[in-house]
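Let's walk through this structure together, beginning with the overall layout and then moving from strand to strand and helix to helix. Keep the view open beside the text as you read.

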Amino acid sequence: MEKAIVSTAKAPAAIGPYSQAVIGNGTLYVSGQLPIDPATGAMPEDLKAQVAQSMKNVLALVEAAGGGSRNIVKCGLFIRDMEAFGEINEAYQSFFGEEAPARFVVEVSALPKGAKVEIDAIAADIKDLLAVLCKKAEEKYRRSGMNVRFANALSRELKKWLKEQGIERKFYL
């Protein structure tokens, strides 16, 4: 199985020994996202704003892996107060509309950093952009028969593209 670690500065950094997200066989597993604004490190006080920020963080990771909201097939919501279920739904549904993924909601006694919500996700059918870049470079350099140059060019192109996208990916084969 190919495993790719996905991280982006557009979502808060992991606060423990885990990855922001991991791709395995075209499925992306997004770790629980606290409602922290990655640019400021601040967490909104308002519950709806916390749900929105957590979802923005989830989407940033899905997009970093080459997907979008349509790829999300399941979300898990960990909330501090089940009485706020309706308010949470109002903020949450704006990210999916009529094609919402499967989900579960669990009330918990506490969340890291005093958050009111944490959201994780699973996204399917992620088109691995590494494969696209490999094919492009392979076609270009195979015609010339330069295998060592191919490997070096692929590495440079991949690093350049990832930097342009604001994505940090580590691949483990």
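Helices and strands here are DSSP runs, H or I over at least four residues for a helix and E over at least two for a strand, numbered from the N terminus. With that in hand, the chain reads β-β-β-α-β-α-β-β-α-α-β along the sequence, a pattern of four helices and seven strands. Please keep in mind that this is a predicted model. The chain has 173 residues, of which 39% are buried. Among the contacts with a separation of 6 or more, 69% join residues that lie 24 or more positions apart.

A good place to start is the N-terminal run of strands. Strand β1, residues 3-8, pairs with strand β2, residues 21-24, in the antiparallel sense, and four bridges hold the register between them. To find your way in this pair, look for V6, whose bridge partner in β2 is A21. On to the next neighbour: β2 also pairs with strand β3, residues 27-33, again antiparallel and again over four bridges. Here I23 is the residue that stands opposite L28 in β3.

The link between β2 and β3 deserves a pause. These two strands form a hairpin with two residues between them. One residue of this loop is N25, which has a positive phi of about 50° even though it is not a glycine. Is N25 buried or exposed? Its relative accessibility is 59%, and because exposed means over 50%, N25 counts as exposed. G26 is found in the loop between β2 and β3 too. Setting aside neighbours within four places in sequence, G26 is in contact with A123, A124, D125 and I126. G26 also lies 9.8 Å from A65, C-alpha to C-alpha, with their positions 39 residues apart in sequence.

From β3 we can step across to β6, residues 117-123. β3 and β6 pair in the antiparallel sense over four bridges, and Q33 has I119 as its bridge partner in β6. Strand β4, residues 72-79, also joins β6, with seven bridges and an antiparallel run. In that pairing, K74 stands opposite I122. How enclosed is β6, then, and what is the reason? Five of its seven residues are buried, so β6 is largely enclosed by the rest of the structure.

Staying with β4, turn to F78, which has its place in this strand. F78 has a relative accessibility of 23% and therefore counts as partly exposed. Its contacts, leaving aside neighbours within four places in sequence, are F104, V106, V108, L111, K116, V117, E118 and D120. The C-alpha atoms of F78 and I119 are 6.3 Å apart, although 41 residues separate the two in sequence.

The loop between β5 (102-107) and β6 holds another residue to look at, K113. K113 has a positive phi of about 60° and is not a glycine. With a relative accessible area of 58%, K113 is exposed.

Now for the helices. The axes of helix α1 (residues 47-64) and helix α2 (residues 85-93) come within 9 Å and cross at roughly 40°. That angle makes α1 oblique to α2, and the crossing is right-handed. Which residues bring α1 and α2 into contact? From α1 there are L47, K48, V51 and M55, and they meet E87, I88, E90, A91 and Y92 from α2. The residues of this contact divide into six nonpolar, three charged and no polar.

One more residue of α1 rounds off the tour, and that is S54. With 0% relative accessibility, S54 counts as buried. Not counting residues up to four places away in sequence, S54 touches Q33, L34, P35, V117 and I119. Two of these names will be familiar from the strand pairing above, where Q33 and I119 are bridge partners between β3 and β6.

How values were computed
Residues are numbered from 1 along each chain as its sequence is written. This is a predicted model: local features need pLDDT of at least 70, side-chain atom pairs count only at pLDDT 80 or more; totals for chains, interfaces and linings use all residues. Side-chain values use heavy atoms; hydrogens and water are left out. Axes are lines fitted to C-alpha atoms, for helices over the stretch in contact, and angles run from 0 to 180 degrees between N-to-C directions. Angles under 35 degrees count as roughly parallel, over 145 as roughly antiparallel, 65 to 115 as roughly perpendicular and the rest as oblique. A crossing is left-handed if the near helix is turned anticlockwise from the far one by less than a right angle, and right-handed if clockwise. Contact means heavy atoms within 4.5 Å. Ala, Val, Leu, Ile, Met, Phe, Trp, Tyr, Cys and Pro count as nonpolar, Asp, Glu, Lys and Arg as charged, and the others, Gly among them, as polar. Two strands pair if DSSP finds at least two bridges between them. Buried means under 20% relative accessible area, exposed over 50%, partly exposed in between (1.4 Å probe, protein chains only).
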